[in-house]
Amino acid sequence: MNYTAMFKTVDDIGRKTGRSKASIFADMVKCGIKYGAGYQDYKLCEFYSLTDEQRSTYVTRGINNSLVKKLNKKEERYIFEDKTVFNSVFSDFIKREWLDMSENGETELAEFIKNKEYIIAKPASSTCGKGVKKIKVSDFPDAEKLFEYLKKTNCGLVEECIKQHRILNEIYPCAVNTLRIVTILDNDKNAHIVYAFIRIGNGGRNVDNINSGGMAAPIDIDTGTIVYPAFDKEQNYYETHPMTGHFLVGQVIPYWDSAKEMCLKAAEIETGIRYVGWDAAITPDGPLLVEGNHFPGHDILQLPPHVPDKIGMLPKFREFIDI
């Protein structure tokens, strides 16, 4: 618990609402005990403006943690924690060249980089886009120097660059703008999609993650349409992209049905992990998997502009599992 941040949150909400700090803190504690809501849930989802009935419909940090614990077997989570293992298990959906640096040396790397202007290098185990690099091959005199650099920077995986679909490139061209499609397996191990959103890069950065300066916007599961403005970590909202001016709200994601089908098929491969956030890219030829996450985020689609009826995502989960 970051108590400094928690009490700053109390101060911020007090200034915003005019309520006393004592009453806000007491209500925050109540929400933590009754709904498993952390102080960030309380702030971001604006629990201070919700009734108890509305609060009970939200997937809070506590509920999300319990879902992961209940649905995802601890001994099988390594499949999603090690990107090289993930690429091997879900190889049918990767659809690009890649190289495991723990099992290959300079000779294999030299062959891999032939005729490639750029490559993507990643730590084998990292989250939120940390450590991901887009490397220009010509910046290194030979494969030996590149190999040394990859080892030094702890990059255990190199991949062919993904060429994204024209529409997604027009939205933001500096990064591959990925879809997060979250699936759950019911008790009969049938896969269902519970929610989806698109992550979009910003600021010239070559990653799209919201923790790295990007933004996110909800996608309607049935139609593949971006239905609400995108938002970033500072809670700025965008109907159009601030750099490109491309309209976001109303944009239909290309190959949406194919992307859904791919994630549903992938979800039924490792049935010990029943709750997964899939990151998918859309290329000119269709969707592919970038990676998967056995600990999906819970708050992104429950922020006030995305829930005008003030009903959270818990009822959607309850369509498929008992909570």
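## Exercises on strands, sheet and burial

Strand 2 (residues 118–122) and strand 4 run antiparallel to one another and are paired through 4 bridges, where two strands count as paired if DSSP finds at least two bridges between them, and where strands (E, at least two residues) and helices (H or I, at least four) are DSSP runs numbered from the N terminus. The model is predicted, so local features need pLDDT of at least 70 and side-chain atom pairs count only at pLDDT 80 or more, while totals for chains, interfaces and linings use all residues. Residues are numbered from 1 along each chain as its sequence is written, and side-chain values use heavy atoms, with hydrogens and water left out.

**Exercise 1.** Work out which residues stand opposite each other where strand 4 pairs with strand 2 and with strand 1.

*Solution.* Begin with strand 2, from which K122 stands opposite L157 in strand 4. Then turn to strand 1 (residues 98–100), which is joined to strand 4 (residues 157–160) by 3 bridges in the antiparallel sense. On that side, L99 has V158 of strand 4 as its bridge partner.

**Exercise 2.** Determine the strand order of the open sheet formed by 7 strands, and find which strands stand at its edges.

*Solution.* The order is 9-8-7-6-5-10-11, and the pairing is antiparallel. Strand 9 (237–238) and strand 11 (286–293) stand at the edges, and each has a single partner strand, so one side of each is left without a neighbour in the sheet. Within the order, strand 7 (residues 215–218) and strand 8 (residues 230–232) are paired over 2 bridges, and M215 has D232 in strand 8 as its bridge partner.

**Exercise 3.** Describe the surroundings of strand 10 (residues 275–283), stating how many of its residues are buried.

*Solution.* First take the partners: strand 5 (residues 179–185) is joined to strand 10 by 6 bridges, whereas strand 10 and strand 11 pair over 7 bridges and form a hairpin with 2 residues between them. Next, follow W278 across the sheet, since this residue of strand 10 stands opposite I181 and has G292 in strand 11 as its bridge partner. Finally, consider cover: 9 of the 9 residues of strand 10 are buried, buried meaning under 20% relative accessible area, exposed over 50%, and partly exposed in between (1.4 Å probe, protein chains only). Y275, G277, D279, A281 and T283 point one way, while V276, W278, A280 and I282 point the other way, and all are buried.

**Exercise 4.** Locate Y42 and decide whether Y42 is buried or exposed.

*Solution.* Y42 lies in helix 3 (residues 39–44). With a relative accessible area of 0%, Y42 is buried. Leaving aside residues up to four places away in sequence, Y42 touches I13, R19, I24, D27, M28, C31, F47, Y48 and R55, a contact meaning heavy atoms within 4.5 Å. As for the distance to strand 10, Y42 and V276 are 234 residues apart in sequence and 24 Å apart in space, C-alpha to C-alpha.

**Exercise 5.** Compare the radius of gyration of the protein chain with the value that the globule rule gives for 323 residues.

*Solution.* The chain has 13 helices and 11 strands. Its radius of gyration is 21 Å, close to the 20 Å of the globule rule, so the chain is as compact as a globular protein of that length; the radius is taken over C-alpha atoms, and the rule is 2.2 Å times the number of residues to the power 0.38. Of the 323 residues, 51% count as buried.
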